[in-house]
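Got your viewer open? Let's take a short tour together, one selection at a time.

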There are 2 protein chains.
Amino acid sequence: MATFTIGAVARRAGVGVETVRFYEREGLIPEPPRRPSGYRDYPPETVGRILFIRRAKELGFSLKEIHELLEFRVHPRRSCARVQRSAEAKIVDIEGKIASLRRMRRALKDLSKACENRTPTTECPILSSLNLAQGGR
Amino acid sequence: MATFTIGAVARRAGVGVETVRFYEREGLIPEPPRRPSGYRDYPPETVGRILFIRRAKELGFSLKEIHELLEFRVHPRRSCARVQRSAEAKIVDIEGKIASLRRMRRALKDLSKACENRTPTTECPILSSLNLAQGGR
DNA sequence: CTTGACTCTGTAGGTGGGTACGGACTTCAG
DNA sequence: CTGAAGTCCGTACCCACCTACAGAGTCAAG
């Protein structure tokens, strides 16, 4: 399997070289093996990992949370119950986000329709979408 | 209708007093009227507005984007078509987020189930959830 | 009518998440 | 075998988003 230099990884993931090193320092991507010259020699899956990080950031997760998400796996020697509990907590968190986004979408659709009918909305219509807010962490 | 001091608003919205003033400076909440003493005198809906801002932040929107969201309304004197276009762009954005979150939830559920069956997952199972990533802005 | 909690303005400091040097070394295309 | 482009490490800088003073004035319970 072909490997990548840091520049190739960065280009494919749509980030800067410095960002890749930053993520490495923060433990978000594993330290890759080095060539004799000292150059980092990335396995191709690193690109996917960085794309995941970017996307998760756009979904409002902090790097710390993303780190936790990336740690999730069933490890034979470790407490399954614990992994399961935190996975389920994350699911609840995610479902809250989905619900909020749905309400926002609804509000925007209503707004768009009001636009068509030339029904002026004096108040900000999107506000009401999250007013009876629940969810959150 | 009862009005609130800045402290009462902050407590109800779960933020600090300084944050309320910061949001005012940034134009995210309107400048409230003042009492003779100079104290800010908030209408109750300010609380909802701040709750909206917090929630939208957790969904990965920047304050700039949140500002735009809060501006959305059908204004009789302004181009409806333009408002409609940007509302629809936001809807697409939101739908991408919902889709990504759904894929993450799926991955976490599968992980949880693998846990129950004591099926060790050597690889990080959540990664694959967003690997074939689309969406984004 | 005091005392302790609250508010005012202004400015400075802090954290998360990058981004950009600088000076030396490596790679590779021509 | 040379030059341009890429990489190394370290440190310093930057932007978004708060958060924390300082010093002076306000409010309200006892």
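What percentage of the 137 residues in chain A are buried? Select chain A and keep this figure in mind: buried residues make up 28% of it. What you're looking at is a predicted model, so colouring by confidence is a handy way to begin.

**Stop 1: chain A as a whole**

Switch to a cartoon view. Chain A has 6 helices and 0 strands, and reading along the sequence you get α-α-α-α-α-α. Now for its contacts: taking those with a separation of 6 or more, 49% link residues 24 or more positions apart.

**Stop 2: confidence**

Colour chain A by pLDDT. The average is 87, and 82% of the residues score at least 70. Which elements of chain A have the lowest and the highest mean pLDDT? Click on helix H6 (residues 127–131) for the lowest, at 65, then on H2(A) for the highest, at 98. Next, select residues 132–137 of chain A. Here pLDDT stays under 50, and the model has 9 contacts beyond four places in sequence for this stretch.

**Stop 3: a buried phenylalanine**

Jump to Phe61(A), in the loop between helix H3 (45–58) and H4 of chain A. Is Phe61(A) buried or exposed? Phe61(A) is buried, because 22 other C-beta atoms lie within 10 Å. Setting aside neighbours within four places in sequence, Phe61(A) is in contact with Ala56(A) and Ile66(A). For a distance to try out, pick Val20(A): it is 41 residues from Phe61(A) along the chain, and their C-alpha atoms are separated by 18 Å.

**Stop 4: into the core**

Move on to Ala56(A). Not counting residues up to four places away in sequence, Ala56(A) touches Phe61(A), Ile66(A) and Leu69(A). Ala56(A) also has a place in the largest nonpolar core, which holds 52 residues. Among the members that touch the most others are Ile50(A), Ala56(A) and Leu111(A), along with Ile50(B) and Ala56(B) from chain B. As background, nonpolar side chains in soluble globular proteins tend to be buried together.

**Stop 5: an exposed arginine**

For a contrast, select Arg35(A), which is found in the loop between H2 and H3 of chain A. Arg35(A) counts as exposed because it has 11 C-beta neighbours inside 10 Å. Thr5(A) is 30 residues from Arg35(A) in sequence, yet the C-alpha to C-alpha distance is 9.8 Å.

**Stop 6: the two DNA strands**

Select DNA strand C. How many residues surround DNA strand C? There are 19, and the closest are Ser37(A), Leu63(A), Thr5(B), Gly7(B) and Arg40(B). The elements giving two or more residues to this surface are helix H2 (17–25) and helix H4 (63–71) of chain A, plus helix H1 (6–13) of chain B. By class, the residues divide into 7 nonpolar, 7 polar and 5 charged.

Finish with DNA strand D. Here 19 residues surround the strand, the closest being Thr5(A), Gly7(A), Arg40(A), Ser37(B) and Leu63(B). Highlight helix H1 (6–13) of chain A, then helix H2 (17–25) and helix H4 (63–71) of chain B: each supplies at least two residues of the surface near DNA strand D. That surface has 7 nonpolar, 7 polar and 5 charged residues.

Definitions and conventions: Residues are numbered from 1 along each chain as its sequence is written. Chains are lettered from A and ligands numbered from 1 in the order in which they are written. This is a predicted model: local features need pLDDT of at least 70, side-chain atom pairs count only at pLDDT 80 or more; totals for chains, interfaces and linings use all residues. A residue is near a molecule or strand if its C-beta atom, placed from the backbone, lies within 6 Å of it. Helices (H or I, at least four residues) and strands (E, at least two) are DSSP runs, numbered from the N terminus. Ala, Val, Leu, Ile, Met, Phe, Trp, Tyr, Cys and Pro count as nonpolar, Asp, Glu, Lys and Arg as charged, and the others, Gly among them, as polar. A nonpolar core is a set of buried Ala, Val, Leu, Ile, Met, Phe, Trp, Tyr and Cys residues joined through C-beta atoms within 7 Å. A residue is buried if 20 or more other C-beta atoms lie within 10 Å of its own, exposed if 12 or fewer, and partly exposed in between; C-beta atoms are placed from the backbone. Two residues are in contact if their C-beta atoms, placed from the backbone, lie within 7 Å. pLDDT is the predictor's confidence in each residue, from 0 to 100.
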